[in-house]
Protein chains: 2
Amino acid sequence: MKIGDLAAKTGVAPRLLRYYEEVGILHPFRSSNGYRTYGEPAIDRVLQIRELLESGFTTEMIREVLPCLEAAKEETEAPACPAVKDLDGLRRQLSSIERRIDVLQRNRHAIETYLRAWEDAMAATPTAADGVPVPVSE
Amino acid sequence: MKIGDLAAKTGVAPRLLRYYEEVGILHPFRSSNGYRTYGEPAIDRVLQIRELLESGFTTEMIREVLPCLEAAKEETEAPACPAVKDLDGLRRQLSSIERRIDVLQRNRHAIETYLRAWEDAMAATPTAADGVPVPVSE
DNA sequence: CTAAACCTTTCCATTAATGTGAAGGTCAAG
DNA sequence: CTTGACCTTCACATTAATGGAAAGGTTTAG
């Protein structure tokens, strides 16, 4: 698969696929003409990368955790050794992720509460066309 | 409270406090000499901003949700009206947050699994000083 | 064979968040 | 009144992620 094909299948611009290689999170082969060549697994890997980037990971964090995320997918009982180099780094990543889940959950809850209050108010109150409740004089 | 005090109490550089004002997520008063003046609530607000930034929010997202997060804290039954301008934007933020929680949880789980497998392997296997399991010939 | 549609590398631009320094105003302590 | 520690604005630098164009090689279709 050439870079354009992978771009088409993932919706990620060729420019970015080259960038991901540059920062060491994607490792295409090269065919004799110098063209990058990707296998099928690259599709999932790129989608995974996008997902992580959109969730606020940096490419550096991704470089650390991606090998282990992929190793975790293989049903091998004994862990393969890709990320062995820094087990502690991995633990730090893990607690960073946990902190962020926590923040996200707290804020999700606050927004839900706020939205629900608003929706209740909308249901109980005459509203103008723009959805803003009309003040009720009493 | 002047900018240096707030910086000291939050651990956030004055430069950044000015930046947060510039992008509209922090709103100090000005005293007659032109100095920025912050009240006590600014401390929590700044800490909240840091937390959100570190969890991958942009200042733009923060500008959208912060008023409502603060409104949600007040126990007022009827929602105050700060973020009224874009209730739909808020719903989009909410589902974006939910997507991200999802991604984070999936990856937390994968990393936990991987780490646990590694720890088990370490416990069951002779290890060298650097913590890397020694291959056992059989 | 040629033109279109790929691919390559290189370099420059942009946005967000942040760091840093210059040039100058304010204020409190000595 | 002067000095030092603040504060102000303005401007430029940097890093990460991304966009884009230039100049040139390859491949495929006609």
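What percentage of the atoms of DNA strand C within 4 Å of the protein belong to sugar or phosphate? In this predicted model, the share is 70%, and the rest of those atoms belong to bases.

**Close-up 1. The protein surface near DNA strand C is built from residues of chain A and chain B.** DNA strand C is surrounded by 18 residues, and the closest are Gly4(A) and Arg36(A) from one chain together with Tyr35(B), Arg50(B) and Thr59(B) from the other. At least two residues of this surface are supplied by each of α1 (3–10) of chain A and α2 and α3 of chain B, with the largest share, 4 residues, coming from α2(B). Divided by class, the residues of the surface near DNA strand C are 7 nonpolar, 5 polar and 6 charged.

**Close-up 2. Side chains of both protein chains approach phosphate oxygens of DNA strand C.** In chain A, a polar side-chain atom of Arg36(A) is placed 2.7 Å from a phosphate oxygen of DNA strand C, while for Arg18(A) the corresponding distance from a polar side-chain atom to a phosphate oxygen of that strand is 2.9 Å. In chain B, Asn33(B) has a polar side-chain atom that lies 3.2 Å from a phosphate oxygen of DNA strand C.

**Close-up 3. The surroundings of DNA strand D likewise draw on chain A and chain B.** A total of 19 residues surround DNA strand D, and the closest are Arg15(A), Thr59(A), Gly4(B), Arg18(B) and Arg36(B). Of the atoms of DNA strand D within 4 Å of the protein, 66% belong to sugar or phosphate, the rest being base atoms. The class division of the residues of the surface near DNA strand D is 7 nonpolar, 5 polar and 7 charged.

**Close-up 4. Polar side-chain atoms lie close to phosphate oxygens of DNA strand D.** An N or O atom in the side chain of Thr59(A) is 2.5 Å from a phosphate oxygen of DNA strand D, and a polar side-chain atom of Tyr20(A) lies 3.0 Å from a phosphate oxygen of that strand. From chain B, Arg36(B) places a polar side-chain atom 2.7 Å from a phosphate oxygen of DNA strand D. Two or more residues of the surface near DNA strand D are given by each of α2 (14–22) and α3 (41–54) of chain A and α1 (3–10) and α2 (14–22) of chain B, and α2(A) gives the most, with 4 residues.

**Close-up 5. Helices α1(B) and α2(B) pack roughly perpendicular to each other.** The axes of α1(B) and α2(B) come within 9 Å and cross at roughly 105 degrees, which makes the two helices roughly perpendicular. Ile3(B), Leu6(B) and Ala7(B) of α1(B) make the contact with Pro14(B), Leu17(B) and Arg18(B) of α2(B). The residues of this contact comprise 5 nonpolar, no polar and 1 charged.

**Close-up 6. Helices α3(B) and α4(B) cross obliquely.** Helix α3 (residues 41–54) and helix α4 (residues 59–73) of chain B have axes that come within 11 Å and cross at roughly 135 degrees, and the two helices are therefore oblique to each other; their crossing is right-handed. The contact is made on the α3(B) side by Arg45(B), Gln48(B), Ile49(B), Leu52(B) and Leu53(B), and on the α4(B) side by Thr59(B), Ile62(B), Leu66(B), Leu69(B) and Glu70(B). By class, the contact of α3(B) with α4(B) contains 6 nonpolar, 2 polar and 2 charged residues.

Key: Residues numbered from 1 in each chain as written. Chains lettered and ligands numbered in written order. Predicted model: local features only at pLDDT ≥ 70, side-chain atom pairs only at ≥ 80, totals over all residues. Heavy atoms only, no water. Axes fitted to C-alpha atoms, helices over the stretch in contact; angles between N-to-C directions. Parallel < 35°, antiparallel > 145°, perpendicular 65-115°, else oblique. Left-handed = near helix turned anticlockwise from the far one by under 90°. Contact = heavy atoms within 4.5 Å. Nonpolar A, V, L, I, M, F, W, Y, C, P; charged D, E, K, R; others polar. Near = heavy atom within 4 Å. Polar contact = N/O pair within 3.5 Å; in protein donor to acceptor, adjacent residues only side chain to side chain.
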